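This report goes through selected features of one protein model. Please look at the sequence and the structure before reading on.

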Amino acid sequence: MALNKKPYKGCRDFFPKGMRVRNYLFHHMCDVAEKFGFEAYDGPLLEEVDLYKAKSGEELINDQIYSFTDRGDRNVAIRPEMTPTVARMVANIHKQETKPIRWYSIPNLMRYEKPQRGRVREHWQFNVDIFGAPENLGELEVVSLVIQFLKSFGAKSDMFAILLNDRTLVDAVFNDILNLEAESALKLYKVIDKAKKVSPGKLDIMIREILLTEEQFIIFKEYLALNSIESLTKFATQNNIAQKSESFIQFLTMCQELELSEFIEYDPTIVRGLDYYTGVVFEIFDKHPDNNRAIAGGGAYANLLKIFNEEPLGGIGFGLGDVTLRDFLETHKLLPDLSKASHDVFVVNVEDEHNLYNMTISNQLRELGIKVESHLGKIKFNKIFKLAQSKGHSKILIIEDQGDGIELELKDLTTNKNTKIDINKINQIKDYIKG
Ligand code: HAM
């Protein structure tokens, strides 16, 4: 039986066309991270399952993880996320490092999910994390970075929103106001997480299954309706949780002062599914009705290093997927046309005897920093232009011999200009090509 030519379900082959887009996205990721002083790191594809069991949460462990027992009887998993790995790596070196530690990476991750728009089994995720930053400043840095990142593609504030909340505040609502037991609090976390995905009637039914008194129900609905710093401040004061919401309100105010308000919104339904978050949490949503989904998610985690018996060192970061980013850019027409390769010049010869001369001159041009595709072997004159166009070349250097020695002609398909090049002065080509 013939083997299947398709990649494994939910995974992608990256043919050169797809790879051009991927490189374009990765280039923007590295560029913005380095502009903000972050350094690149990477970790292994496999980790011990226990690393995720410690704090990644039920959904990831029960439904999404790819795990197996290796030949040495170790229970290992293909990384489904990067945060536990970066925390493990930071746990090794944080005592010697000056703080804050700012690291980024673009790992491929695997999750056993039902493939659909925006969801695959293998994706690449831009991870940006800061450890040991002063209160709220790491959060501000990370939020500023992601805004600049999306702006670098031309995105505007009417295209995306950063929806923010704070787990300390949610815990205060659950424990101090609603007096919930741990089990009910966990259930209510899950309900909040679904708040936008179910109808208001269904949401009320789900809430009432957990909150048994009318008073609890009313206060919780009041919480869910909060939508501004002002309404949150009033709610926190009235319900005696002002102290626990102070840091978050200060953070929102700092966002205003940094003039980030047009990009951010306080949203009490953002809680995030991963267990390790302890402070500010956020998701970035596409505002376009055709692609109304999260492009990225992140938050602050104060205690992740404790699982390695290290003293707590707070981290804050986010993960942004390549698939959701591409969908966002395509929906808003922010992705340039990358359907063709981008070489500077296509070098061709029409006689077999110039095959090696073509290679020689191409190598000389490459040494001048020019990106050259050299056609291997002769090509008929009347086929040159069609071939060049199909490959996306706009400049062609033709090697010919009309009887009195080699002649070089540079043709610019965009301007229709032809220029004779002196074979002893090929440096000149650089000026014509680089403009
Ligand atoms: P997450 O919300 O699980 O967070 O994933 C972050 C982003 O990765 C999502 O918003 C989405 O863009 C992308 N993503 C996740 N799963 C898939 C999938 N199956 N297919 C396509 N894209 C996907 C985390 O993973 C946290 N560890 C992020 C983080 C870093 N928090 C702090 N630092």
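In which strand is Leu-46 found? Leu-46 lies in strand 2, which covers residues 46-48. The model discussed here is a predicted one.

## Surface patch

Leu-46 also contributes to a nonpolar patch on the surface, together with Leu-45 and Phe-68. The patch has an area of about 250 Å². Leu-46 has a relative accessibility of 38%, so it counts as partly exposed; the limits for that class are 20% and 50%.

## A hairpin

Strand 3 (residues 66-69) and strand 4 (residues 75-78) run antiparallel and are joined by four bridges. Within this pairing, Ser-67 is opposite Ala-77 of strand 4.

The two strands make a hairpin, with five residues between strand 3 and strand 4. In the turn, Asp-73 has a positive phi of about 65 degrees.

## Nonpolar cores

In soluble globular proteins, nonpolar side chains tend to be buried together. In this model, the largest nonpolar core contains 81 residues. Phe-126, Ile-162, Phe-174, Phe-220, Tyr-223 and Leu-320 have the most contacts inside this core. Helix 5 (residues 137-151) supplies the largest share of the core, with eight residues. A second core, separate from this one, has 21 residues, among them Ala-91, Phe-131, Leu-163 and Leu-313.

Which residues does Phe-174 touch, leaving aside those up to four places away in sequence? They are Asn-179, Leu-180, Ala-185, Leu-188, Tyr-189, Ile-192 and Phe-220. Phe-220 is also listed among the residues with the most contacts inside the largest core.

Terms used
Residues numbered from 1 in each chain as written. Predicted model: local features only at pLDDT ≥ 70, side-chain atom pairs only at ≥ 80, totals over all residues. Heavy atoms only, no water. Patch = residues over 30% accessible without salt bridge, like charges linked within 9 Å, V, L, I, M, F, W, Y side chains within 5 Å. Areas by Shrake-Rupley, 256 points an atom, 1.4 Å probe, with all protein chains shown as cover. Salt bridge = Lys/Arg side-chain N within 4 Å of Asp/Glu carboxyl O. Buried < 20%, exposed > 50% of the residue type's maximum accessible area, 1.4 Å probe, protein only. Core = buried A, V, L, I, M, F, W, Y, C linked by side-chain atoms within 4.5 Å. Contact = heavy atoms within 4.5 Å. Pairing = 2+ DSSP bridges.
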